[in-house]
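Student: I would like to go through this model and hear the reasoning behind each label.

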Amino acid sequence: MKLSIASYSYHGLLEQGLMDFEGYCAACSGHGLDTADIWNGFFAGKYEGNWPLVAETMRRYGLSPVNIAWDGGALWHEDADVRSQREAQQELALRACQALHCPTLRLDVGVRGSRRIEPQAMEYLVARYRWLCTRAADLGVTLGPENHGGASSVPGELLRLAGAVAEKNFGVLIHGSRWLEQQQEGDALIAPLAFHAHVCEDYAMKAPDAFIRQLKLAGYQGAIGVEYQSGKDERQGVAQALEELRTRI
């Protein structure tokens, strides 16, 4: 099982203008990694839509992408105009995966204000995820949501959605132990759907063993990434969390 650093871990440095995509790649390489775990917030400035430059930067640092987490592309919204805008973002995300040869893509559910997916939202989500999976299959890409709040942080709702979508390349970016319900069994229930994995800094430092065990039991072969969330002392905090996680793998 490989390790990665979710580039969101450095969002504070990005916002301060103290790190860009090359700086992120340099940090990964400096920690002995060969993985790029990309949040699309780092596709900014000269890197925005410039996939040849993004690919060349990763190549120079010996990195290969393992996942793109694409904010702005969450599928569901009550407003049809907003959904249309997000559909354009989803298609841009697929083009990025194609250009960068990235095997997995996180596109969130978008149901944030409720723990349940209502029938209208479910109908749209199933149809849209199926369409995206068909497109993604031609690119060798697996995609799906992260347990990222609202209905997506309820294991039963993710299982219901996955069963309805019923595509081989639909899965979940599983974030260890981030559940609103079924907190004890959530990781075990969703691990078989995992195409990528994240743990936050507290979890990486304190109790990742059970999560790693569930991933291994499910036959997971992907990377597990540190997602440092505090926005403070990011270089030191990421380094500490990564080294702790490294001792557990």
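**Labels and their reasons**

Tutor: Keep in mind that this is a predicted model. The accessible surface of the protein is about 10800 Å², and 48% of that belongs to carbon and sulfur atoms.

Student: How do you know whether the radius of gyration agrees with a compact globule?

Tutor: The rule is 2.2 Å times the number of residues to the power 0.38. For 249 residues this gives a value near 18 Å, and the protein has 17 Å, so the two agree. The C-alpha atoms fill a box of roughly 45 × 40 × 30 Å along the principal axes.

Student: What makes a residue count as buried, and what share of the protein does?

Tutor: Buried means under 20% relative accessible area. Of the 249 residues, 51% count as buried.

Student: Why is serine 177 called partly exposed?

Tutor: Partly exposed covers the range between the buried limit of 20% and the exposed limit of 50%. Serine 177 has 38% relative accessibility, so it counts as partly exposed. Serine 177 is in the loop between strand E6 (172–175) and helix H7 (186–190).

Student: Why is glutamine 182 called partly exposed?

Tutor: Its relative accessible area is 33%, so glutamine 182 is partly exposed. Glutamine 182 lies in the loop between E6 and H7.

Student: What is the sign of phi in serine 177, and in glutamine 182?

Tutor: Phi of serine 177 is near 60°, a positive value in a residue other than glycine. For glutamine 182, also a residue other than glycine, phi is positive and near 50°.

Notes: Residues are numbered from 1 along each chain as its sequence is written. This is a predicted model: local features need pLDDT of at least 70, side-chain atom pairs count only at pLDDT 80 or more; totals for chains, interfaces and linings use all residues. Side-chain values use heavy atoms; hydrogens and water are left out. Buried means under 20% relative accessible area, exposed over 50%, partly exposed in between (1.4 Å probe, protein chains only). Accessible areas come from the Shrake-Rupley method with a 1.4 Å probe; for residues, only the protein chains shown count as cover. Helices (H or I, at least four residues) and strands (E, at least two) are DSSP runs, numbered from the N terminus.
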